[in-house]
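Dear colleague,

I am passing on the structure we spoke about, together with some notes on what came out of going through it. Please read the notes with the structure open beside them.

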Amino acid sequence: MNSDALILALAERLGLIVAGAFLLLTITPIHKMRLRQGPSWRSTLLQILFFGAAGILGTYGGNLVSQSVANLRAMAVITGGLFGGPVVGIASGLIAGGHRILIDIGGFSAVPCGMATMIEGAAAGLLTLYLKERSVDWRWAAGLAMGGETLHMGMVLALSHSFTEAVELVRIIAAPMILLNALGAATFVQVINVVFRYRARQDSVQAQEILDIANSTVSHLRSGLTAESAMATARIIHSRVAVGAVAITSEADVLAHIGVGDDHHLPGRPIVTEATRTVLETGQPMFLNNKAGIGCGHPDCPFASAIIVPLTKGGGVVGTLKFYGTASKSLDLVLFELAKGLGNLFSTQLELENIQITERMLAHAEIRRLQAQINPHFLFNSLNTIISFCRTSPEKARSLLQDLSSYLRKSLEASRGFVPLSEELDQIRCYLAIEQARFGERIRIDFDVQDGCESWPIPPLIIQPLVENSVRHGILAHENGGKIRVQVRKQDGHLHVEVKDDGVGMDQNQVDRLFAKTRLDSRSGGIGVRNCFQRLEQIFGPAYLPSVVSAPGQGTRIDFMLPMPARV
């Protein structure tokens, strides 16, 4: 067989191997191997087995040439090393290379071929220690494969017992193996990247769906788990999730039931299904795929499947959230995860039902109100971003987790009245670090803080919401992003603060709404900015209300003055 024919034969095998890998990654649990949060020995073992098996398949998918095998092992072990790191690269190389040596498929070149495969897997894994997220790139995969297979050919020449036969073998297989393994490694890396990006988008969409429902129901559950709040919550869920019915129960009674089956699953009546009583007793969610498991005794009950998750408060189960499926609206694992996510969020909200905000709160207590309404979209998007970096850049993920931890700690800690300006600026930097990880160069920031201002005492969370508003509604709404400038100066015995962006801007009606004296709640737009304005007025008086200059397409500038507090 000449080189041209060998290239065509290996290209055909390459297509089959990549197609098979794609199917395995999409229709089996293997797709979870890089989507776990944090290190896991099970995930690592699964990667080793997957890429090691792919390497062996690359051997069997090769062509016999001059008592040896022209193969595609390198593309599998190199991809494994780049995605899994040193452990996966070395182990999968040992599996595929050891198989080549021990199971002598093709004569005199078994040892150098097997050793070359081990070296390629180890080199790819060790490279990730230096390149981190950049290593999961088709260009690095192709370059490693070309270099590794060139070394492979050299080892065949140097270590084979018959130099004449080795020269003839290398003449035939060198070009096809270098070319096809480089192409295969690049393709393999891209296929895995595409699969993982798709899975990440699916998880993000599901998280977004949970948050949208939670945002719509939070005001109802704030009053506790009552018939009224349960009915409103169930109605919202049923309108957004394709299930036969949604029900919410207390420990003993059905509080709400929206959808089919409402002729016998009646609100205000005792619980009638055995499965619900089991969840109340055990506190464990259940996914039932058969009518008998639901345990409804009504002869005409339309439900063929059910998802039941517990609602907890104070460490005990106080109720359940239930999805019911019918013959035309079946339930699946995605809905099971959705229900568990909603159950956890609802349980958290129930824990907070006794927190009431009074109208006669002091200025520092008003901060808690803002803190309790931190945008959950930011938290979940931040976690999704960190999850994606766990796969490609553990060091970056660790740094972002530290930023998120610092941001949440400062946001949720008890009010201390006033804080130094430096702490507020640190809070802003943590927030921006997370957003810049998500949006890259679309967000640009410039801090201009005069020396000596860092210790000036200011109300906490008074500048950060303005920066967040500029990011979310100013520059991210602009096609090319934009720049935010935070300038702080001492002026006439006051601290002058200016937050300026070159985003999409606002019309006068939008500006006027920022100063509206309406009640703040989590469903109203611009809550962070309006809260800042109202607290500034409450603490320092109407003379210290901010100035807002904005116009559509012209960006926004917010500036205000802060006096030195008499007592802090």
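Just after helix 15, G440 takes up a positive phi of about 60°, and this is a value from a predicted model, as is everything that follows. Helix 15 itself covers residues 421-439, and because each of its 19 residues should add 1.5 Å, with the expected span taken as 1.5 Å times one less than the number of residues, a span of 27 Å is to be expected, which agrees with the 26 Å that separate its end C-alpha atoms. Among the residues of helix 15 that are buried are L421, L425, I428, Y431, L432 and I434, and the buried set also includes E424, Q427 and E435.

The other part I would point you to is an open sheet of 5 strands, which are antiparallel in their pairing and follow the order 4-3-7-6-5. Strand 4 (254-259) and strand 5 (286-288) form its edges, each of them pairing on one side only, and from one strand to the next the twist averages 15°. Strand 3, made up of residues 245-249, runs antiparallel to strand 4 and is joined to it by 5 bridges; in one of the pairings between them, T249 has V254 of strand 4 as its bridge partner.

Two helices can be described together with this sheet. Helix 8 (residues 227-240) lies across strand 3, strand 4 and strand 7 (316-325), and runs at about 25° to strand 4. Helix 11 (residues 333-351) packs on the sheet as well, where it touches strand 5, strand 6 (305-313) and strand 7, with a direction that makes about 20° with that of strand 6.

With best regards

Technical notes: Residues are numbered from 1 along each chain as its sequence is written. This is a predicted model: local features need pLDDT of at least 70, side-chain atom pairs count only at pLDDT 80 or more; totals for chains, interfaces and linings use all residues. Side-chain values use heavy atoms; hydrogens and water are left out. Two strands pair if DSSP finds at least two bridges between them. Helices (H or I, at least four residues) and strands (E, at least two) are DSSP runs, numbered from the N terminus. Axes are lines fitted to C-alpha atoms, for helices over the stretch in contact, and angles run from 0 to 180 degrees between N-to-C directions. Contact means heavy atoms within 4.5 Å. Buried means under 20% relative accessible area, exposed over 50%, partly exposed in between (1.4 Å probe, protein chains only).
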